[in-house]
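The following exercises concern polar contacts with a ligand and pairs of charged side chains. Each task is followed by a solution in steps.

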Amino acid sequence: MTTPPTPRASRQARVNLIFIGPPGSGKGTQAVRIADRYGIPHISTGDILRAAVKAGTPLGRQVEATLAGGGLVSDDLMTDLVRSRLQQRDAQNGFLLDGFPRTVSQAHTLDELLGGAPLIVTMLSVASDAIVNRLSNRRICEACGITQSVFVGSEGENEACPYCGGRLVRRQDDAPETIRRRLENYAAVAEPLIGYYHERPSFATIDGLQRPDDVTAAIAAHVDRQRILLADRLRGVE
Ligand code: AMP
């Protein structure tokens, strides 16, 4: 008895995406847009950890000090967290991972979890001085979670979210000295991670300093190209 073929439409629909880029490169903003465009969940490991800290869960208590200091949570803990998140029903037709993998060990684990399923890799590149500027001026709405930029010199704590009126606050790890620490951490781990992926045809570097709409368009063009290639490959084996 032969196994019935997987319907082509559902195989083509699967989009497994990861974003690599320094903190402040616009990953979060772009991830929301791209996940929405392809109907896949946006899985931000930073958001999951911050929510756990806020809710005071055992995980949150475990990672609180690491997050506040801008360090990296252990590979084991991150791997467990991502494994169980990718098993959830909404990730069965694809996902967009934002903030994971951060290390080569995490990248290996992700490949294992995917078991040969295609992975599209997008790297957003932005120079460090532009990032320090961006992050120092970034605020997050306590109510709806949207990210906003405030004017230089403003503390932003008293400003209201233009979307829901909630309070805009600075993320604890966006304090200037923590930003520097996070950028150092990123630089130390990014190079081997980029080395791990950059030979793959599914890897693309996008200039994160373009207008946000242009960044979105460039990422979508990369994803669409990869999906066409994948569809051609699938047709070739049928
Ligand atoms: P992010 O919002 O991606 O900048 O993540 C915020 C913080 O969460 C980081 O500074 C780390 O402390 C932690 N974190 C998020 N994702 C990872 C990961 N894949 N590996 C280790 N730590 C992580």
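**Exercise 1.** How far does a polar side-chain atom of Thr45 lie from a nitrogen atom of the ligand?

*Solution.* The model is a predicted one. In it, the distance from a polar side-chain atom of Thr45 to a nitrogen atom of the ligand is 2.8 Å. A polar contact requires N or O atoms within 3.5 Å, so the Thr45 pair, at 2.8 Å, qualifies.

**Exercise 2.** Describe the surroundings of the ligand, beginning with its shell and ending with its cover.

*Solution.*
1. The ligand is surrounded by 16 residues, of which Thr45, Arg50, Gly71, Gly99 and Gln106 are the closest.
2. Sorted by class, this shell comprises six nonpolar, five polar and five charged residues.
3. Helix H3 contributes four residues, the most to the shell.
4. Two arginines offer side-chain contacts to oxygen atoms of the ligand: an N or O atom of Arg50 at 3.0 Å, and a polar atom of Arg102 at 3.2 Å.
5. On its own the ligand has 480 Å² of accessible area, and the protein covers 96% of it.

**Exercise 3.** Which residue forms a salt bridge with Asp47, and where in the fold do the two partners lie?

*Solution.*
1. The partner is Arg50, with N and O atoms of the two side chains 2.8 Å apart. The cut-off for a salt bridge is 4 Å, so this pair satisfies it.
2. Both residues belong to helix H3 (residues 45–55); because they are three residues apart, about one helical turn separates them.
3. Asp47 is partly exposed at 41% relative accessible area, and Arg50 is also partly exposed, at 24%.
4. Arg50 thus appears twice in these exercises: in the salt bridge with Asp47 and in the contact with a ligand oxygen.

**Exercise 4.** Analyse the salt bridges of Asp80 and Asp214, and then name a network.

*Solution.*
1. Asp80 pairs with Arg83, their closest N and O atoms being 3.3 Å apart.
2. These two residues lie three positions apart in helix H5 (residues 75–86), about one helical turn from each other. Relative accessible areas of 47% for Asp80 and 32% for Arg83 place each of them in the partly exposed class.
3. Asp214 pairs with Arg211, again with 3.3 Å between the closest N and O atoms. Here Asp214 is partly exposed at 30%, whereas Arg211, at 54%, is exposed.
4. Shared salt-bridge partners join Arg138, Asp174 and Arg182 into one network.
5. Over the whole structure, the search finds nine salt bridges.

Technical notes. Residues are numbered from 1 along each chain as its sequence is written. This is a predicted model: local features need pLDDT of at least 70, side-chain atom pairs count only at pLDDT 80 or more; totals for chains, interfaces and linings use all residues. Side-chain values use heavy atoms; hydrogens and water are left out. Buried means under 20% relative accessible area, exposed over 50%, partly exposed in between (1.4 Å probe, protein chains only). A residue is near a molecule or strand if one of its heavy atoms lies within 4 Å of it. A polar contact is a pair of N or O atoms within 3.5 Å; within protein, one must be able to donate a hydrogen and the other to accept it, and residues adjacent in sequence count only if both atoms are side-chain atoms. Accessible areas come from the Shrake-Rupley method with a 1.4 Å probe; for residues, only the protein chains shown count as cover. Ala, Val, Leu, Ile, Met, Phe, Trp, Tyr, Cys and Pro count as nonpolar, Asp, Glu, Lys and Arg as charged, and the others, Gly among them, as polar.
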